[in-house]
Amino acid sequence: MNISKQELQINEEIRDKEILVIDADGKKLGVMSARDAQKIAFEKNLDLVKIAPQATPPVCRIMDYGKFCFEQTKREKEAKKNQKVVSIKEIRMFSTIDTHDFETKVNQAEKFLKSGDKLKVSIRFRKRAIAHPQLGEELLERFKEAVSSVGTVEKPAKMEGRSLVMFVSPKSSK
């Protein structure tokens, strides 16, 4: 049952002349006046809730509104708990990086990718190094090969100002 997020009209708030009433068990009771439907709901010690105001005639259901609200919030919390938040980690390097530093950055990147995070790899060009962007491209190519076991390139290398940027996402574990 799909009910919209807006505040639902309950009991005396329903002012329509004729409404289609659905019982707590899901059976249609037919079209009747809102007052008659409220009497039936109160006899069963339940609430009359308008669940489809746009329909003709509007559809109302007899249910325990407090219990419904509780279950709705419970479902929302469960859905939120099951969501996976993907964060983007960034690894910055310079075009003149040394071998050991490069290996350290690769190890860090593998750790991020294994934990399911996306990766933004950027190579910053300082001063006159910007005149040799091919050095950065070669470095990114080496980096891509080094992390190919745990990640795939999502967006290839692209110049953004004084940086060369590439995005890597973790390989799907199927």
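**Strand pairing and unusual backbone sites in a predicted model**

Good morning. I begin with a pair of strands: E3 and strand E4, residues 59-63, run antiparallel and are joined by 5 bridges. What we have on the screen is a predicted model, and I shall come back to these two strands after a word on the whole chain.

The protein contains 4 helices and 8 strands. In sequence order, the pattern reads β-β-α-β-β-α-β-α-β-α-β-β. The radius of gyration is 30 Å, well over the 16 Å that the globule rule gives for 174 residues, so the protein is more spread out than a compact globule. The C-alpha trace spans about 85 × 30 × 20 Å along its principal axes.

How much of the protein counts as buried? The figure is 33% of the 174 residues. The exposed surface amounts to about 12,000 Å², with 49% of it supplied by carbon and sulfur atoms. If we take the contacts between residues at least 6 apart in sequence, 56% of them join residues at least 24 apart. As for charge, there are 35 positive and 26 negative charges, and their mean positions lie 4 Å apart.

Let me now return to E3 and E4. Strand E3 covers residues 47-52, and 6 of its 6 residues are buried, so this strand is largely enclosed by the rest of the structure. A hairpin of 6 residues leads from E3 to E4. Within the pairing, alanine 52 has valine 59 in E4 as its bridge partner.

The loop between E3 and E4 also holds proline 57. Which residue precedes the cis peptide bond to proline 57? The bond joins threonine 56 and proline 57, with omega at about -10 degrees. For context, most peptide bonds are trans, and most residues other than glycine have a negative phi.

That second point brings me to two asparagines. Asparagine 11, although not a glycine, has a positive phi of about 45 degrees. Asparagine 11 sits in the segment before strand E1, which is 18-22. Asparagine 45 likewise is not a glycine, and its phi is positive at about 60 degrees. Asparagine 45 is placed in the loop between helix H1, 34-43, and E3.

Is asparagine 11 buried or exposed? Its relative accessibility is 9%, so asparagine 11 counts as buried, the cut-off being under 20%. Asparagine 45 has a relative accessibility of 70%, and therefore counts as exposed, for which the cut-off is over 50%.

I turn next to strand E8, residues 163-170. Here 7 of the 8 residues are buried, so E8 is largely enclosed by the rest of the structure. Which strands pair with E8? E6 pairs with E8 in the antiparallel sense over 6 bridges. Strand E7, residues 151-160, also runs antiparallel to E8, and 7 bridges join them.

Phenylalanine 167 illustrates both pairings. In E8, phenylalanine 167 is the bridge partner of lysine 120. Phenylalanine 167 in E8 also stands opposite lysine 155. The hairpin of E7 and E8 has 2 residues between the strands, and glycine 161 in that hairpin takes a positive phi near 70 degrees.

Staying with strand E6, I would draw attention to serine 122, which lies in that strand. With a relative accessibility of 2%, serine 122 counts as buried. What does serine 122 touch, leaving aside residues up to four places away in sequence? Its contacts are Glu90, Ile91, Arg92, Met93, Leu164 and Val165.

The last residue on my list is histidine 132. Histidine 132 is located in the loop between strand E6, 118-124, and helix H4, 133-146. At 40% relative accessibility, histidine 132 counts as partly exposed. Histidine 132 and serine 95 are 37 residues apart in sequence, and their C-alpha atoms are 8.9 Å apart in space.

To close, I repeat two points. E8 pairs antiparallel with E6 over 6 bridges and is joined to E7 by 7 bridges. The loop between E3 and E4 holds proline 57, which is joined to threonine 56 by a cis peptide bond. Thank you.

Technical notes. Residues are numbered from 1 along each chain as its sequence is written. This is a predicted model: local features need pLDDT of at least 70, side-chain atom pairs count only at pLDDT 80 or more; totals for chains, interfaces and linings use all residues. Side-chain values use heavy atoms; hydrogens and water are left out. The radius of gyration is taken over C-alpha atoms; the globule rule is 2.2 Å times the number of residues to the power 0.38. Buried means under 20% relative accessible area, exposed over 50%, partly exposed in between (1.4 Å probe, protein chains only). Contact means heavy atoms within 4.5 Å. Accessible areas come from the Shrake-Rupley method with a 1.4 Å probe; for residues, only the protein chains shown count as cover. Lys and Arg count as positive and Asp and Glu as negative; His and the chain ends are not counted. The place of a charge is taken as NZ of Lys, CZ of Arg, CG of Asp or CD of Glu. Two strands pair if DSSP finds at least two bridges between them.
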